[in-house]
Every structure is written in structure tokens, then in C-alpha cells.
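Here is a friendly first walk through this structure. Have the sequence and the 3D view ready, and follow along one piece at a time.

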Amino acid sequence: MPHILIVEDETIIRSALRRLLERNQYQVSEAGSVQEAQERFSIPTFDLIVSDLRLPGAPGTELIKLGQGTPVLIMTSYASLRSAVDSMKMGAVDYIAKPFDHDEMLQAVARILRDRQSAPAAGEAAPAKSANGSGKSAIDNSNGEIGIIGSCPPMQDLYGKIRKVAPTDSNVLIQGESGTGKELVARALHNLSKRAKAPMISVNCAAIPESLIESELFGHEKGAFTGASAGRAGLVEAADGGTLFLDEIGELPLEAQARLLRVLQEGEIRRVGSVQSQKVDVRLIAATHRDLKSLAKIGQFREDLYYRLHVIALKLPALRERGADVNEIANAFLARQSARINRTDLKFAADAEQAIRHYSWPGNVRELENAVERAVILSESPEISADLLGIDIELGDLEDDEFIGLPAQTAGNASNSSHEPTEDLSLEDYFQHFVLEHQDHMTETELARKLGVSRKCLWERRQRLGIPRRKTGVASES
């Protein structure tokens, strides 16, 4: 069981973090300062140190030296995010910005421990590359694995593109719905590149306040604005020689877009409040769930930046489009969660396997992981039933509705009411076609049931596809 040291002076935060990690089968020790940690523990014996940046006495970065190679995850508030850049340069393995949600912290901890476990010791041969192509092993810089589970044709095509694109310095735009694993693709691109030994700096553009985004990305000089008591490097500068991953780049303000364009065109940055530019060598990987081309047409995203980003575009399919991959991924999550609670007998019941396969998973892989974790925690018997997954799906209708989960052309043929050819329709086209044809004589509940989705999912897809509900000609629902 991995042993983690938490160093945090806020008792409430420290206790909450300890409970979170212990619930997920980690052994946890805690201290309120670097000095207390030194007095109570042998710091190098821990598998991971999670420390606040600002502590009474010595800062959290002091633990990087005291840990003697133990990875240190730095916690910092958005107001002091610039200091996280310095901690990365000093040797922190990663940082996480407060406030963070539980999933974000658990994913960061699991990733760091996995990378540490898979890294070969000094003088040890690197582990052999897996030949199964499924990415079931962790990503490791030395073995060149993709690190993503799934073997459906769209994912195999994606793996091939990742292997071709990774060794280049070309900018990459990763497109896909929220929760599909865009950061995993970015990390694979970095780990398979010649920049793998340099840092990969990840920034969620939607999470940083608009007033701070420029100084966070590009740094600032002393006196550039109120509170700028000293000059600071930005996250772009911290990624010099490595990779900058900008998640949700569609949320980046236009002024920051102009500065980013200069980085891509000229290979240089200018800190906020500075008149001098400095060269940076950064590979940019961006991700978004939005249609940047449409945003560019209405002036909400710079068209010149869009074309700079769109050198290589990788499309990550939604989970509902990945066929049997969903069960493979669910079983991988089941194995991971079972190991955390030291249970080897857990498996999915037949109805759970069916529900996993046919549910539309609007939240994609992230929703699936949460559902499996919930089911494992609540399960009292070795077989996990469908109801423990907490998803809204009518299992009784699945046998009758043969088209659920099948490709669009097969689905269209299964509907006796459909008279138009559907061979060239995508799943989204089929959804739109079916709703428009049947909404006059079916209630929302009936439509959702026929499509194998929840009413909430039906409403969300109506919004995305611009299909308003008809107010007349439909039986009323309570």
C-alpha cells in the first residue's frame, strides 16, 4: 500500500485530504510544517509527498531536497499559481491548484505513483514494450506505450496518428467531448516525443480567472499591476524545452490568444509589463470540446490562431462510439478500484455488463469511472448489479429495441417507422432523424426509452443539435 505524506498547515484541508486518500486505500501520515515533518518522519521513506507551497517556516519546496528523490506534488492557490512554476523548476513532479475536486487529486496521485512504479531503477533494463496495443500498462517514457485502453477501429487509427505525430514538433489540436481523455492523448504525445525528459505543463484555460490568465501564462514584471511585488515567470516559460498543454483553449480570452499567437509565430514571449521579448522553445498541444472554426467565424476565437493550432487535428471519439471498448475500460476500472479495497472477487453481473454496453455515457470515460467506483464501494456481494452503477437506463427495453448500441445504418433499419435511407448517417444524424420523425406522436419518456438514453441526455442532445421540443401534437406528461 503506497505511503503518502501530507504537509499542510490548514487542519481542515489536511484532515479532508487524509480521509480522501485513506478511503482510496492509501496509507497516510500528516504534518503541519516542514519542520514537523522532519522531526516526526524519515521523509525519504514515503512513496509520495503532497505539500502546500506556503507553510509556516520553510516552504513546501524544501521537501524536494529532503525527500531525496521522493516525488513531491505541490498544492497552490490560483493567486500563487505563478510560484508553482518555480517549484517545477526546483524539481516538483507536478502541482495542483486549489480549489481542486476529489477526482483531480486522486488522478494526480495515481498518475505520479504509477509513473514512479513503472520507471526502471538505476542500472535496470527498461520494461519490454507491450505487444497487445491496448495500452493496459502505464505510460512510461522508456517503453513508448500509448497508455490508453481500447482497441476499436477509431482508437487504433488514433494510436497510429499519435505514433506518427509525437516525434515531430508540430502543434496538435485534440478535439473531443468532455471526459473522453484528451489529456491522456496529450501526455502520450509528450512521452513519445524527443521532449519527454523536459516538463509538460498542463493548463486548464477555463479554470483560471480571466484577469489572471495572461500573467499566469506569460509571466509579469515587478510593478506590472497591483500586487506584483516581484517579477515572475509564466507557465509558457516553465514549459521551455518541453510541452505546453492548453486544455479548453476555446475559453482563452482574445487578448491572451494574440499573445499565444506570437509564441507560435515568433517563438518568443513578452511578460506583462515588459518591453523586452525572450525566446522560448515550446511545443503546443491544445484541446477543446468546442467547434473552434465556428467560434472563429463569429469572432469569438482568432482565425489566424485556429489555423496555427490546426496543423495536426486528432479527434477522440465519444465513449458511446467505441463499441465494446466501454466494457474493456469498465473492467479496467473495476480491477483498479477492487485493488484499492483489497477485493479480488468482484465482477459485473450480466445486467450490469448490458447496461454498461448500452448506456450512452454523456459524461464519457469520466462518468464511467465514477459509476464503477460507486458500484465497488456499495457492492455487498461479489457480483455488481446494474442498479449499483446509478445510471438511468431501462434494461427491460433493451431486448426489444435491437437498434440500441448498433451502428447508425443498422439502427435505422430496425425502426419500422423510418422510410428514408440511413446508410450515410452518423449516430448524431440518426438521433436527429429519429427524434424529428417520432416526436409528434411520442412523449419525451418514450423517445428517450426508444433511444436508450435518459430524459436528461435527450434534453442535452436536443440543445446541442438545435432540436426544440414540440409544444403541440404530443401527449402531455406529468
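## A strand in the middle of things

Gln-175 sits opposite Thr-288 in strand S11. Keep in mind that this is a predicted model. The pair belongs to two strands, S6 (residues 172-175) and S11 (residues 283-288), which run parallel and are joined by four bridges. S11 also pairs with strand S8 (residues 243-247), again in parallel and through four bridges. There, Leu-244 stands opposite Leu-284 of S11.

Here are those two pairings side by side:

| Strand paired with S11 | Bridges and sense | Facing residues |
|---|---|---|
| S6 (residues 172-175) | four bridges, parallel | Gln-175 and Thr-288 |
| S8 (residues 243-247) | four bridges, parallel | Leu-244 and Leu-284 |

Now for the wider sheet. It is an open one with five strands in the order S7-S8-S11-S6-S12, and the pairing is parallel. Strands S7 (200-204) and S12 (312-315) are at the edges; each has a single partner strand, so one side of each has no neighbour in the sheet. From one strand to the next, the twist averages 15 degrees. As a bit of background, strands in a sheet pair through backbone hydrogen bonds, in either a parallel or an antiparallel way.

Is S11 buried or exposed? Six of its six residues are buried, so S11 is largely enclosed by the rest of the structure. Both faces are covered: Arg-283, Ile-285 and Ala-287 are buried on one side, while Leu-284, Ala-286 and Thr-288 are buried on the other.

A helix comes in here too. Helix H6 (residues 153-165) lies across S6, S11 and S12, and runs at about 150 degrees to S12.

## Two helices that cross

Next, have a look at helix H13 (residues 325-340) and helix H14 (residues 350-358), whose axes come within 8 Å and cross at roughly 125 degrees. That angle makes H13 oblique to H14. The crossing of H13 and H14 is right-handed. Which residues of H13 and H14 make the contact? From H13 come Val-326, Asn-327, Ala-330 and Asn-331, and from H14 come Glu-353, Ile-356 and Arg-357. Sorted by type, the residues of this contact are three nonpolar, two polar and two charged.

## One last stop

Finally, find Ala-448, which is in helix H18 (residues 444-451). Its relative accessibility is 2%, so Ala-448 counts as buried. Leu-458 is ten residues away from Ala-448 along the chain, and their C-alpha atoms are separated by 6.0 Å.

Note on methods:
Residues numbered from 1 in each chain as written. Predicted model: local features only at pLDDT ≥ 70, side-chain atom pairs only at ≥ 80, totals over all residues. Heavy atoms only, no water. Axes fitted to C-alpha atoms, helices over the stretch in contact; angles between N-to-C directions. Parallel < 35°, antiparallel > 145°, perpendicular 65-115°, else oblique. Left-handed = near helix turned anticlockwise from the far one by under 90°. Contact = heavy atoms within 4.5 Å. Nonpolar A, V, L, I, M, F, W, Y, C, P; charged D, E, K, R; others polar. Pairing = 2+ DSSP bridges. Buried < 20%, exposed > 50% of the residue type's maximum accessible area, 1.4 Å probe, protein only.
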